[in-house]
Amino acid sequence: MVERIRAGVIADVVRHAREAAPAECCGLLLGGDGEIGEAVRTRNASGDPSRFVIDPADHIARRREARNRGLAVLGFYHSHPRSAAVPSATDRAEAAYPGHLYLIVGLASDPPDLGLYQFDAGNFRQVRFVTLD
Ligand SMILES: [Zn+2]
């Protein structure tokens, strides 16, 4: 399976990650038909800068707005300010949405490292993606 991601999504996620550093950023990935078309920001409700918790109120509000616009929540994104775009043990322990995509942006390298994963049965499986203009 190869997912498609709009180039604007990558740009938005990287910008958010850089603004939030040294804390992690997070948000939702919206789209449909195997294409991630939009990234929307949510606040990180974690007090610990080295982890993320999507703010529950933001999660509900952004989900409702997406539904009203006919878009699906395909998954989530977050950043690793000092490490690669590989799911951490914490990510594995806290992921709660089977069948969803998880995009990670790693700022340890320049240009940033991007990893896309599908979460199922308690594990992340890396998913290949292509970027569309
Ligand atoms: Zn992580």
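**Zinc site and backbone oddities**

Modeller: Quick one to start, and bear in mind this is a predicted model: the zinc ion's site is irregular, with angles of 56 to 157° among its 4 donor atoms.

Biologist: OK, which residues coordinate the zinc ion?

Modeller: His 78 and His 80, each through NE2, plus Asp 91, which is listed twice through OD. The distances run from 2.0 to 2.5 Å.

Biologist: And what spacing do the donors follow along the chain?

Modeller: H-x1-H-x10-D. His 78 sits in strand E4 (residues 72-80) and Asp 91 in helix H3 (residues 89-94), 13 residues apart, so the pair links distant parts of the chain.

Biologist: Is His 78 buried or exposed?

Modeller: Buried, because its relative accessibility is 2%, and the cut-off is under 20%. Asp 91 also counts as buried, at 9%.

Biologist: Switching to the backbone: which peptide bond in the loop between helix H1 and strand E2 is cis?

Modeller: The one from Ala 21 to Pro 22, with omega near 10°. Pro 22 is in that loop, between H1 (7-20) and E2 (26-32). Another cis bond joins Asp 110 and Pro 111, with omega about 5°. Pro 111 lies in the loop between strands E5 (101-106) and E6 (113-120).

Biologist: What about phi at Asp 33?

Modeller: Positive, about 50°, although Asp 33 is not a glycine. Most residues other than glycine have a negative phi. Asp 33 lies in the loop between E2 and strand E3 (35-42), and it is exposed at 76%.

Biologist: And where is Ala 121?

Modeller: In the loop between E6 and strand E7 (123-126). Phi of Ala 121 is positive too, near 50°, and Ala 121 counts as exposed, at 79% relative accessibility.

Definitions and conventions:
Residues are numbered from 1 along each chain as its sequence is written. This is a predicted model: local features need pLDDT of at least 70, side-chain atom pairs count only at pLDDT 80 or more; totals for chains, interfaces and linings use all residues. Side-chain values use heavy atoms; hydrogens and water are left out. Donors are N, O and S atoms within 2.8 Å of the metal (3.2 Å for Na, K and Ca); water is not among the atoms, so sites may look incomplete. Four donors count as tetrahedral if all angles lie between 85 and 135 degrees; four count as square planar and six as octahedral if opposite donors are over 155 degrees apart and all others between 65 and 115; anything else is irregular. Helices (H or I, at least four residues) and strands (E, at least two) are DSSP runs, numbered from the N terminus. Buried means under 20% relative accessible area, exposed over 50%, partly exposed in between (1.4 Å probe, protein chains only).
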